[in-house]
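Trainee: Please take me closely through one part of this model, and then place that part within its surroundings. I should like the terms explained as they arise.

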Amino acid sequence: MDIATLDVRALTLGETLSLDGIVHTGRDRFHKHLHDGGSLPEGVDLSTSALYHCGPVMIREGNHWKMVAGGPTTSSREEPYEADVIKNFGLRLIIGKGGMGKKTLEACKTYGCVYLQAVGGAATSIANAVETVEGVDFLDEFGAAEAMWHLRVKGFKVTVAMDAHGNSLYDNVQAHAAERLKELLA
C-alpha cells in the first residue's frame with residue numbers, strides 16, 4: 001500500500017499492511033524538538049509519509065547510508081508529545097511497538113491518524129524492507145540513533161494496532177485479560 005495515498009480512516013483494527021513509500025525515523029529528541037517549537041526539515045511532509053519510532057543501526061557505504069538493523073523502539077516514551085505532532089504536523093501514520101496512551105489515541109480519532117505495530121525483534125527483516133536511505137537530518141545535533149533518517153521502503157509489514165476511530169488492540173487485550181482473570185478468580 002502506498003503510504004502517500006493511504007486512506008487511514010478506512011483501515012481496520014488488526015489489519016495487516018505492506019507499506020511502500022517514505023518513512024522517517026523519529027525518537028525522543030526529535031519529538032521534544034517539535035514539541036518545543038522546532039520545525040520539520042525542509043521537504044518533510046508527515047501527511048504523506050510515516051513516522052517510525054526507531055533508532056536504526058546505520059553504516060556508511062561510500063557516499064550512501066545503509067540500514068543494517070531497524071527494529072521499533074518503545075512508543076510510549078513519545079506519549080507526552082505525539083498528540084501535538086499529529087495535530088500540528090498532519091501526521092497520519094505512526095509506526096512503533098507497544099502502543100501509546102489515551103491522549104495519542106484521542107488525537108488519532110480527532111485528526112485521522114493510525115498507530116501501526118511493527119514486529120519487535122525483527123530489526124534485520126525490517127531493514128531489508130528499506131530500499132534506500134534518502135537522507136538524514138539532525139545527525140550532528142541528536143546523534144545517529146536519535147537522528148531523523150529518511151527511508152524509502154517497500155513491503156514494510158505492520159499491523160493496525162490503534163485506528164482512526166478510537167479503537168486500540170492494546171485496550172482490547174487488556175479488557176480481555178481482566179475479564180479472564182475475573183473468571184479464573186471466581
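Mentor: Contact means heavy atoms within 4.5 Å. Helices (H or I, at least four residues) and strands (E, at least two) are DSSP runs, numbered from the N terminus. The model is predicted, so local features need pLDDT of at least 70 and side-chain atom pairs pLDDT 80 or more, whereas totals for chains, interfaces and linings use all residues. Residues are numbered from 1 along each chain as its sequence is written, and side-chain values use heavy atoms, with hydrogens and water left out.

The part I propose is the pair formed by helix 2 and helix 3. From helix 2, the residues Glu-79, Pro-80, Glu-82, Ala-83, Ile-86 and Lys-87 take part in the contact. Their partners in helix 3 are Lys-102, Lys-103, Thr-104, Ala-107, Cys-108 and Tyr-111. By character, the residues of this contact comprise six nonpolar, one polar and five charged (nonpolar: Ala, Val, Leu, Ile, Met, Phe, Trp, Tyr, Cys and Pro; charged: Asp, Glu, Lys and Arg; polar: the others, Gly among them).

As for geometry, helix 2 spans residues 79-89 and helix 3 spans residues 102-111, and they pack at an angle of about 10 degrees with their axes 8 Å apart. Axes are lines fitted to C-alpha atoms, for helices over the stretch in contact, with angles from 0 to 180 degrees between N-to-C directions. The two helices are therefore roughly parallel to each other (under 35 degrees; over 145 is roughly antiparallel, 65 to 115 roughly perpendicular, the rest oblique).

Let us take helix 2 by itself. Its buried residues (under 20% relative accessible area; exposed is over 50%, partly exposed in between; 1.4 Å probe, protein chains only) are Glu-79, Tyr-81, Glu-82, Ala-83, Val-85 and Ile-86. Helix 3 is among the elements that cover these buried residues, as are helix 1, strand 2 and strand 5. Just after helix 2, Gly-90 adopts a positive phi of about 70 degrees.

Helix 3 has Thr-104, Leu-105, Ala-107 and Cys-108 as its buried residues. They cover an arc of only 160 degrees around the axis, which puts them on the same side of helix 3; the arc is that of the directions from the helix axis to the C-beta atoms. Here too a glycine follows the helix: Gly-112, just after helix 3, has a positive phi of about 80 degrees.

Helix 1, residues 28-35, also belongs in this picture, with Phe-30, His-31 and Leu-34 buried. Viewed down the axis of helix 1, these buried residues fall within an arc of 95 degrees, so they line one face of the helix. They pack against helix 2, and also against strand 2, helix 5 (139-142) and strand 8. Gly-37, just after helix 1, takes a positive phi of about 105 degrees.

In the loop leading from strand 1 to helix 1 we find Arg-27. Arg-27 has a relative accessible area of 17% and is therefore buried. Beyond residues up to four places away in sequence, Arg-27 touches Cys-54, Gly-55, Thr-73, Arg-77, Glu-78, Ala-145 and Glu-146.

Another loop, between strand 7 and helix 5, holds Phe-138. The phi of Phe-138 is near 65 degrees, a positive value in a residue other than glycine. With 14% relative accessibility, Phe-138 counts as buried.

For the wider surroundings, consider the largest nonpolar core (a set of buried Ala, Val, Leu, Ile, Met, Phe, Trp, Tyr and Cys residues joined through side-chain atoms within 4.5 Å), which has 30 residues. Leu-19, Ile-95, Leu-116 and Phe-156 have the most contacts inside this core. Elements giving it two or more residues include strand 1 (16-25), strand 5 (93-96), strand 6 (114-117) and helix 4 (123-128). Its largest share, six residues, comes from strand 8. Apart from this core lies another, of 22 residues, among them Val-44, Val-85, Ile-86 and Leu-91. Val-85 and Ile-86 were met above as buried residues of helix 2.

Leu-19 illustrates the larger core: leaving aside neighbours within four places in sequence, its contacts include Met-1, Ile-3, Leu-6, Ile-95, Leu-116, Val-153 and Phe-156. Val-153 is also touched by Glu-131, along with Arg-152 and Lys-154, residues up to four places away in sequence not being counted. Glu-131 is placed in strand 7 and, at 48% relative accessibility, counts as partly exposed.
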